[in-house]
Amino acid sequence: MKTHILWDIDGTLIRNSRDGAAVYLDAFTRVTGAPPHRLIATPHGKTEGQLLAEMLELNGHPTTMLDDVLTELDRRTQALHDTGFVREAVAGGPNALHEVARRGWSNALLTGNGPLHSRIKLLAAGYSEQDFDWQSSFFGDRSPDRHHLTALVAPALGEGIHVIVGDTPNDGLAADSAALPFIAVATGAFTVADLRDTNALLVVDDLVNGLDDVLGTIAELSTRG
């Protein structure tokens with residue numbers, strides 16, 4: 001049976017950045033004609049579809065504008081990339097992908113970002129497109145929440161071991177709703193203590209000191225089948 005490791009991006013493979021959030025505000029402003037007066041208080045762990053739909057509603061705009069905002073988001077993201085946009089990989093992230101692949105497991109994505117936004121963020125942080133199995137990945141630009149996203153995993157990937165790796169309690173709750181194992185890394189906005197309040201099989205500080213434990217947990221799941 002195939003083992004898929006479904007990585008989150010922001011806070012898990014790349015460091016969270018205020019600069020990264022600015023592109024959402026730019027896209028929103030260009031489509032609606034004005035910057036948002038009210039912002040989402042807790043954006044971490046939400047999908048792009050969820051985040052932007054909530055922002056539209058919060059600022060008195062119809063959610064039917066979501067597709068236009070997502071299209072503009074792709075334009076703004078591509079423009080950033082063309083001008084040398086840079087993000088920072090988390091410590092140990094590239095090596096973690098290498099070690100997963102070396103064991104014959106698949107590195108895929110389960111992210112709130114859309115496909116283009118995901119590619120550009122990862123490239124800007126020094127990852128390669130070839131690091132990931134894009135056909136086995138799941139993107140949240142048009143998902144209302146992560147529960148919807150994780151519900152797609154088993155039907156799409158079939159039998160096998162599908163492990164979610166993320167940095168927020170929302171990742172854990174979404175994994176629970178689809179009965180998928182969850183490994184938590186405290187490289188985002190939440191602490192080890194926060195993440196231990198989830199049903200995570202394992203919580204690690206980072207992908208350097210915690211990598212052996214992450215790989216060991218996945219190996220145990222794979223062995224069990």
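## Thr3 in strand β1

Thr3 is buried, with a relative accessible area of 4%, a value under the 20% limit that defines a buried residue. The model described here is predicted. Within it, Thr3 belongs to strand β1, which spans residues 3-7.

The side chain of Thr3 forms a polar contact of 3.0 Å with that of Ser222. Leaving aside residues up to four places away in sequence, Thr3 is in contact with Trp105, Ser106, Ile161, Ile218 and Ser222.

## The nonpolar cores

The largest nonpolar core has 31 residues. Those touching the most other members are Ile5, Trp7, Leu13, Leu109, Leu122, Tyr127 and Phe132. Two or more residues of this core come from each of β1, α4 (93-102), β4 (161-166), β5 (182-185), β6 (202-204) and α10 (211-224). The greatest contribution is that of α10, with 5 residues. In soluble globular proteins, nonpolar side chains tend to be buried together.

Phe132 illustrates the contacts made by one of these core residues: Leu13, Leu97, Asn107, Ala108, Leu109, Leu122 and Tyr127 all touch it, when residues up to four places away in sequence are not counted. A second core, separate from the largest, consists of 16 residues, among them Leu6, Ile164, Ala184 and Leu195.

## Helix α1

Helix α1 comprises 15 residues, from 18 to 32. From first C-alpha to last, α1 reaches 21 Å, close to the 21 Å expected at 1.5 Å a residue. After the helix comes Gly33, which has a positive phi near 95 degrees.

Which residues of α1 are buried? They are Gly20, Val23, Tyr24, Ala27, Phe28 and Thr32. Because these residues cover an arc of only 150 degrees around the axis, they lie on the same side of α1. Arg18 and Asp19, on the other side of the helix, are exposed. The partners against which the buried residues of α1 pack are α2 (48-58), α3 (66-82) and α5 (115-124).

## Thr168 in a loop

Thr168 lies in the loop between β4 and α8, the latter covering residues 169-177. Is this loop residue buried or exposed? Thr168 is buried, its relative accessible area being 3%.

With residues up to four places away in sequence left out, the contacts of Thr168 are His44, Gly45, Phe182, Phe190 and Leu195. Leu195 is also a member of the second core. Thr168 and Gly188 are separated by 20 residues in sequence, while their C-alpha atoms are 7.4 Å apart in space.

Definitions and conventions:
Residues are numbered from 1 along each chain as its sequence is written. This is a predicted model: local features need pLDDT of at least 70, side-chain atom pairs count only at pLDDT 80 or more; totals for chains, interfaces and linings use all residues. Side-chain values use heavy atoms; hydrogens and water are left out. Helices (H or I, at least four residues) and strands (E, at least two) are DSSP runs, numbered from the N terminus. The expected span of a helix is 1.5 Å times one less than its number of residues. Buried means under 20% relative accessible area, exposed over 50%, partly exposed in between (1.4 Å probe, protein chains only). The arc is that of the directions from the helix axis to the C-beta atoms. Contact means heavy atoms within 4.5 Å. A polar contact is a pair of N or O atoms within 3.5 Å; within protein, one must be able to donate a hydrogen and the other to accept it, and residues adjacent in sequence count only if both atoms are side-chain atoms. A nonpolar core is a set of buried Ala, Val, Leu, Ile, Met, Phe, Trp, Tyr and Cys residues joined through side-chain atoms within 4.5 Å.
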